[in-house]
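Notebook open, model loaded. I want to go through a few helices and a couple of single residues, and jot down what I find.

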Amino acid sequence: MEAAVFDYHKEDDPVDFEAFQGDKQKLIQPTSLKDPKFEKLKEALVYWINSTLKIEHIVVQSLEEDLYDGLVLHHLLSRLAGIHLPVEDIALTSTAQIRKLGMILEELDRRLGPQDSSGIKWNVKLIHNKDLLATIHLLVAMVRSFQPELELPPNVTVEVIVVEVTRSGIKSNVQTEVLTEERDTDSDSLRNTEREDPIEQLLKLEAHKVNTVKKAILHFVNQNMSTMGLQVADMDKQFADGVILLLLIGQLEGFFIPLYDFNLTPVNHSEMIQNVTLALDLLNDTGLQVPSVDPQDIVSQDVTATLKVLYALFKKHKGKKMQQEEELSN
């Protein structure tokens, strides 16, 4: 019996290369995996996913390990495009995961458009096999399509080893794979300065100009809060517990926030954080993202953070308010 086993593995048995012919695989070079630009891109994508799915309490830690079964991609598709596919939320078997991924990628490909002529960058097999390169290509394409205003780290490339099975054997070569668009870093830096947050720019001006803008925002806030019998006198402090901020968001966006969803009379730091976190989540849900603002910033009465949130609301709703007033006067 043992002899038969060894005979089965004898060296002159032919290897069936034809069964694998045409197979091509891309492997990221180890040096590229440690490239700071590449690591920064991974971090940006993880942060984007977690921010988008925060309200659903989904947390991604690894692009390689957390996206292969389709759960995260399905929720992203739902949040970003409003598409709810008839698939099971949690697919436990490999067959179910592949079937689910097939439906998700079919829908995504319809919305993202055809992949470019340089070759297939992602497919069901690659994503399910936890192929990091394919996963990043797919996520970058989703960001560009669904949230083009979101800036990803530019000029990110990786060196890949392309391994291909041919009739004559296995051949390999090294190629450069472009992950994000190329930009002139000097002109990009200039554009970033020009696009600097308006509140950051405001706070660099003279004190009287800052006060003029703050008064305009304060007037806008009180205009909308007057129907509730509330008035804000100290913008820097009265938003710290999140209560007025929540009421203002509900008033402007036209929805009622049940009193049991937040602390109407917060008595400690934790309750204030809960209120402000809910407020920022609501802003995110309405498509109003306020970058670089953490709930702790508002609670600690950080003037810049508070102004960023209020300015975002002011910018979005001031025009609507003026239009309504014009319609009433006509």
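Note to self before anything else: this is a predicted model.

**Helix 14**

I started at the C-terminal side, where helix 14 is followed by G287, a residue with a positive phi near 85°. Then I checked the length. Helix 14 runs over residues 269–285, which is 17 residues, so at 1.5 Å a residue I expected a span of 24 Å. Its end C-alpha atoms are 24 Å apart, which agrees.

At the start of helix 14 I looked for a side chain reaching back to the backbone, and found N268: one of its side-chain oxygens comes to within 3.2 Å of the backbone nitrogen of S270.

Which residues of helix 14 are buried? I got N275, V276, A279, L280, D281, L282 and L283. I noted that N275 and D281 are on that list.

**Helix 13**

Next I looked up helix 13, residues 243–253. Nine of its 11 residues are buried, so the rest of the structure largely encloses it. The buried ones are V243, I244, L245, L246, L247, L248, I249, G250 and L252. After helix 13 comes G254, and I read a positive phi there too, near 80°.

**Helix 3 against helix 8**

How do the axes of helix 3 and helix 8 cross? For helix 3 (residues 36–52) and helix 8 (residues 132–146), I found axes that come within 11 Å and cross at roughly 60°. That angle makes helix 3 oblique to helix 8. I put the crossing down as left-handed. On the helix 3 side, the contact is made by F38, L41, K42, L45, W48 and I49. Helix 8 brings L132, I136, L139, V140, M142 and V143 to it.

**N224**

I picked out N224, which sits in helix 11 (residues 207–225). Is N224 buried or exposed? Its relative accessible area is 9%, and the cut-off for buried is under 20%, so I count N224 as buried. What does its side chain reach? I found the backbone oxygen of F220, at 2.8 Å from the side chain of N224.

**A312**

Last stop was A312, in helix 16 (residues 303–329). A312 has 14% relative accessibility, so I logged it as buried. Leaving out residues up to four places away in sequence, A312 touches L288 and V290. I also checked the spacing to V290: the two are 22 residues apart along the chain, and their C-alpha atoms are separated by 7.1 Å.

Notes: Residues numbered from 1 in each chain as written. Predicted model: local features only at pLDDT ≥ 70, side-chain atom pairs only at ≥ 80, totals over all residues. Heavy atoms only, no water. Helix = DSSP H or I, 4+ residues; strand = E, 2+ residues; numbered from the N terminus. Expected span 1.5 Å × (residues − 1). Buried < 20%, exposed > 50% of the residue type's maximum accessible area, 1.4 Å probe, protein only. Polar contact = N/O pair within 3.5 Å; in protein donor to acceptor, adjacent residues only side chain to side chain. Axes fitted to C-alpha atoms, helices over the stretch in contact; angles between N-to-C directions. Parallel < 35°, antiparallel > 145°, perpendicular 65-115°, else oblique. Left-handed = near helix turned anticlockwise from the far one by under 90°. Contact = heavy atoms within 4.5 Å.
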